[in-house]
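Please consider the following structure alongside its sequence. The paragraphs below proceed from a single residue to its helix and then to the chain.

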Amino acid sequence: MLWRLCVAAVLALMLAQAGAAQPLLRGPIATIDPERFYLDSAYGQSILSEIDTRNRALAAENREIEAQLEAEERELKDLRPTLTPAEFRELADAFDARVQAIRREREAESRAISVLLDENRDQFLQAAQPVLERIMRELGAAVVLDVNFVYASASAIDITDRAIAGVNAVLSQAPGTATDE
């Protein structure tokens with residue numbers, strides 16, 4: 001009976017160790033998931049929230065503009081029987097030019113949102129560099145590799161969670177985001 005308790009205790013200890021976070025392996029190489037590092041950080045979350053807010057606003061504006069243009073197009077079609085072909089062509093061309101201008105403007109606004117995301121990602125990586133360097137020193141690592149470009153590695157060299165915690169301690173959100181103002 002005592003041996004059963006000992007076996008149960010050893011099994012429980014092994015299961016607890018297996019479920020516990022594996023300590024980081026000290027060595028010359030560490031890996032990081034850069035996408036998760038950015039997206040799961042408080043900074044990344046703040047910019048993603050800002051991007052989502054801007055995308056929603058843009059989508060709402062697009063729906064409103066689309067409804068207005070559809071109404072104008074119906075009016076133009078209703079006017080067609082009362083206009084000469086030349087008059088209708090002039091109004092139709094003006095309408096088409098306006099639609100094309102609006103489309104270019106909307107595309108430019110969408111690109112601006114994408115650029116904002118890219119620029120903030122670059123700013124994040126620059127600001128996070130000291131955190132990564134500190135972790136590298138602590139682990140004795142000479143290089144941090146993108147986990148996506150490593151064929152196989154032990155999870156004990158993945159510093160992503162540690163890097164997220166470290167960067168969250170120094171960067172809570174992207175500058176200029178809604179919660180920063």
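Helices are DSSP runs of H or I with at least four residues, numbered from the N terminus. By that convention, Arg 106 has its place in helix α4. The model is a predicted one. A residue counts as buried when its relative accessible area is under 20%, and Arg 106, at 12% relative accessibility, is therefore classed as buried. Leaving aside residues up to four places away in sequence, Arg 106 touches Leu 58, Glu 61, Asn 62 and Ile 65.

The helix that holds Arg 106 may next be followed along its course. Helix α4 comprises 55 residues, running from 85 to 139. Because each residue should contribute 1.5 Å, a span of 81 Å is expected for α4, and the 78 Å between its end C-alpha atoms agrees with this. Helix α4 nevertheless has a kink of about 40 degrees at Ala 128, shortly before the proline Pro 130. Just after α4 comes Gly 140, which adopts a positive phi of about 70 degrees.

The protein chain as a whole contains five helices and two strands. Their order along the sequence is α-β-α-α-α-β-α. Of the 181 residues in the chain, 25% count as buried, and Arg 106 is itself a buried residue. The contacts of the protein chain can also be sorted by sequence separation: among those between residues at least 6 apart, 86% join residues at least 24 apart. Finally, the protein chain exposes about 12200 Å², of which carbon and sulfur atoms supply 58%.

Conventions:
Residues are numbered from 1 along each chain as its sequence is written. This is a predicted model: local features need pLDDT of at least 70, side-chain atom pairs count only at pLDDT 80 or more; totals for chains, interfaces and linings use all residues. Side-chain values use heavy atoms; hydrogens and water are left out. The expected span of a helix is 1.5 Å times one less than its number of residues. The bend at a residue is the angle between axes fitted to the seven residues ending there and the seven starting there. Buried means under 20% relative accessible area, exposed over 50%, partly exposed in between (1.4 Å probe, protein chains only). Contact means heavy atoms within 4.5 Å. Accessible areas come from the Shrake-Rupley method with a 1.4 Å probe; for residues, only the protein chains shown count as cover.
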